[in-house]
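These are my notebook entries on what I looked up in this structure, in the order in which I went through it.

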Amino acid sequence: MSKAPTKVTQGLLHCERPIFAASVPGRSGASLPTLDVPEPAADAWPAALRRASTPHLPEVSEPQVVRHYTRLSQWNFSIDTGMYPLGSCTMKHNPRVADVAVGMGEFARLHPYQPESQLQGALQLLWELEQMLAAVGGFSRVSLQPAAGAHGELAGLMMIRAYHTDRGQTRRRVLIPDSAHGTNPASCTLNGFEAVQLETSADGTLSPDTVRAALDDEVAAIMITNPNTLGIFEKHVAEIAEMVRGAGGLIYMDGANLNAIMGRFRPGDVGVDAMHYNLHKTFGTPHGGGGPGAGPVGVSERLVPFLPVPTVNRSKEGFTLDYGRPKSVGRLRSFFGNFGVLLRAYVYMRELGAPGLARVTDLAVLNANYVRARIRDFVHVPHPDMCMHEVVANDQNLRSTGATTMDVAKRLIDHGFHPPTVYFPLVVHGAMMIEPTETETPDELDAFIEALRSVVEEAHKQPEQLKSAPHVTGIGRLDEARAARKPHLRYQPAGEDES
Amino acid sequence: MEFPKDLRYSKTHEWIRYTEGKARIGISAFAVSAEQLGDITLVELPEVGQSFAANEPFGNIESVKSVSEIYAPFAGKVVAINAELDDSPELLNESPYEGGWLLEMEPDDAADMENLLDAAAYTALVASEA
């Protein structure tokens with residue numbers, strides 16, 4: 001077993017000030033040609049649309065700009081820098097081969113307004129991706145339109161609502177266990193449904209009895225996250241699905257944790273009617289600062305008529321975009337979804353093939369269980385049995401030290417690791433949700449485990465080291481409460497009022 | 001942890017001070033402790049005049065850790081809200097039973113006050129949850 005390095009950084013970290021601080025009047029990064037057309041008249045624009053003063057733009061040279069942003073980027077931590085065990089987020093390596101495909105002119109220079117006859121290759125790719133995703137989930141069809149996981153949820157719930165409306169029913173309630181993802185109730189509310197929370201049983205799964213007690217003819221659907229946010233497989237999902245279906249409801253599954261079941265369990269096979277796929281989690285596309293993402297949604301036969309438009313259809317003549325779907329919930333996004341992201345996921349699936357995707361699952365689950373089995377010796381793991389792709393620990397054993405989950409998370413940064421997800425799921429007090437993913441080596445897992453062990457030991461001996469962490473970052477511990485209560489949303493040079 | 005003896009409590013950690021037809025409501029020092037919600041950053045309250053059923057969510061409390069719903073401890077109508085919390089949500093941490101009160105409600109049935117927990121029962125509940 002390798003020993004965790006005691007020192008993980010010894011480089012140059014620039015103390016970068018805001019770029020405004022480097023501004024010198026008259027300095028410029030670009031040489032604009034002299035104006036050779038008449039200046040517009042002073043009243044060319046309505047007074048209300050004209051600025052009263054010039055904007056505060058920094059006056060700096062091009063190399064200053066380049067260095068500024070490069071230095072700031074070096075403050076960042078990313079999956080390309082180190083292990084990023086952020087539970088529920090599946091921060092795994094994005095294979096670089098996808099970049100090759102995305103850079104190919106045949107894809108990069110496509111325009112969505114080109115006629116279908118010139119887009120046959122792209123449409124074929126979308127059609128094949130749909131078939132592959134449908135095969136993984138066990139669904140009849142998949143819409144590639146949604147631009148993010150929560151957008152996929154929204155699409156799924158819109159279809160569920162349309163399904164009930166089409167049958168002349170107005171079912172208003174959606175059942176959601178307390179171990180589901182936090183976006184689920186929000187998606188319900190956005191669709192005019194009322195979210196009804198169900199309590200998880202002591203073993204961390206949803207019991208069929210709990211569902212039975214909440215079922216009536218007002219229930220439109222149940223939304224299950226499987227495996228749930230405790231990292232536990234909902235083993236009663238088939239029975240629950242049958243029960244809800246029997247009461248006239250539909251079954252939505254949050255596919256955010258697909259990395260734990262892909263190739264081994266198909267939600268469609270147990271009666272799930274809709275599920276979104278987070279391509280940026282399971283299928284190796286980047287988690288880019290808020291986008292672009294992709295959250296395709298797969299549906300059972302019952303929901304096919306309500307799919308968003310357009311769908312890609314195949315005929316003898318080739319591939320066409322189908323907008324003529326009378327019961328469709330409509331358009332969810334411009335053009336055909338985030339094509340560049342879909343292309344990356346296509347490459348990922350073709351590179352691995354079906355056996356490779358199943359092996360991803362096996363290794364993701366193995367890695368999480370390896371971490372679980374080893375950290376149990378020094379942190380509390382509320383559900384200590386076999387987990388899926390992530391394991392939830394908490395700070396119960398640290399109560400006497402005064403150090404909390406947040407302090408452990410901050411101190412882990414000093415060891416060169418991104419902290420796990422903290423204080424989620426809410427059903428576990430002081431939760432640390434660790435998802436190592438399949439792309440970490442055993443050495444890296446050991447290094448993480450030893451780092452966590454050393455932080456926990458330190459909590460007992462020198463808790464103040466945790467309380468004041470992180471120590472080696474460019475910026476130390478932030479006052480998060482103050483930042484949230486009194487945020488400064490706009491840079492103000494010293495001595496100037498907000499204008 | 002000790003709780004004021006002159007207050008009543010709900011299982012969802014609201015406290016209730018009932019005087020002459022009106023009940024002032026807040027959340028307990030346990031709820032806002034570092035181990036529970038921690039530093040409160042935003043409070044969303046209902047409008048004056050709104051009515052709620054018992055146990056119905058009537059607002060949200062956001063902390064550095066999470067967003068939590070707060071629940072009406074009994075059926076009734078909102079007659080006042082603590083507007084100071086808009087600018088100073090930290091009052092909930094600093095003074096949970098005085099400056100950090102949330103709102104005042106008129107109960108539909110004053111007898112409901114008797115069904116709330118007293119300090120001893122609430123202390124026992126907290127001991128079982130901590």
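Before placing any residue in a loop, I note that helices (H or I, at least four residues) and strands (E, at least two) are taken as DSSP runs and numbered from the N terminus. The model is predicted, and I read every entry below with that in mind.

**Entry 1: backbone at two non-glycine residues.** I looked for positive phi outside glycine and noted A:Phe335, with a phi of about 50°. I placed A:Phe335 in the loop of chain A between strand E9 (318–322) and helix H10 (339–375). A residue counts as buried from 20 other C-beta atoms within 10 Å and as exposed at 12 or fewer, so A:Phe335, with 13 such atoms, comes out as partly exposed. In chain B I noted B:Asn55, which is not a glycine either and has a positive phi of about 70°; its place is the loop between strand E5 (51–52) and strand E6 (57–63) of chain B. B:Asn55 has 14 C-beta neighbours inside 10 Å and therefore counts as partly exposed.

**Entry 2: cis peptide bonds.** I then went through the peptide bonds that precede proline. The bond from A:Phe424 to A:Pro425 is cis, with omega near 0°, and A:Pro425 sits in the loop that runs between strand E11 (421–422) and strand E12 (431–434) of chain A. The bond from A:Ala469 to A:Pro470 is also cis, again with omega near 0°; I found A:Pro470 in the loop between helix H13 (463–467) and helix H14 (480–485) of chain A.

**Entry 3: chain A as a whole.** I recorded 14 helices and twelve strands in chain A. The radius of gyration of chain A is 26 Å, close to the 23 Å that the globule rule gives for 499 residues, so I put chain A down as being as compact as a globular protein of that length. Along the principal axes, the C-alpha atoms of chain A fill a box of roughly 75 × 70 × 45 Å, and buried residues account for 40% of its 499 residues. Of the contacts in chain A between residues at least 6 apart in sequence, 72% join residues that are at least 24 apart.

**Entry 4: H4(A) against H10(A).** How do helix H4 (residues 120–137) and H10(A) pack, and at what angle? I found an angle of about 50° with the axes 10 Å apart, and the two helices are therefore oblique to each other. H4(A) passes H10(A) in a left-handed crossing. Among the residues that meet there are A:Leu125, A:Leu129 and A:Met132 from H4(A), and A:Leu342, A:Tyr346 and A:Met349 from H10(A). By class, the residues of this contact divide into 13 nonpolar, no polar and one charged.

**Entry 5: H11(A) against H12(A).** The axes of helix H11 (residues 405–414) and helix H12 (residues 442–461) of chain A come within 10 Å and cross at roughly 125°. I entered the contact as A:Val408, A:Arg411 and A:Leu412 on H11(A) with A:Ala451, A:Leu452 and A:Val455 on H12(A); five of these residues are nonpolar, none is polar and one is charged. H11(A) and H12(A) are therefore oblique to each other, and H11(A) passes H12(A) in a right-handed crossing.

**Entry 6: between the chains.** Which residue classes make up the side of chain B that touches chain A? I noted eight residues of chain B in contact with seven residues of chain A, and those on the chain B side divide into three nonpolar, two polar and three charged.

Definitions and conventions: Residues numbered from 1 in each chain as written. Chains lettered and ligands numbered in written order. Predicted model: local features only at pLDDT ≥ 70, side-chain atom pairs only at ≥ 80, totals over all residues. Contact = placed C-beta atoms within 7 Å. Nonpolar A, V, L, I, M, F, W, Y, C, P; charged D, E, K, R; others polar. Rg over C-alpha atoms; globule rule 2.2 N^0.38 Å. Axes fitted to C-alpha atoms, helices over the stretch in contact; angles between N-to-C directions. Parallel < 35°, antiparallel > 145°, perpendicular 65-115°, else oblique. Left-handed = near helix turned anticlockwise from the far one by under 90°.
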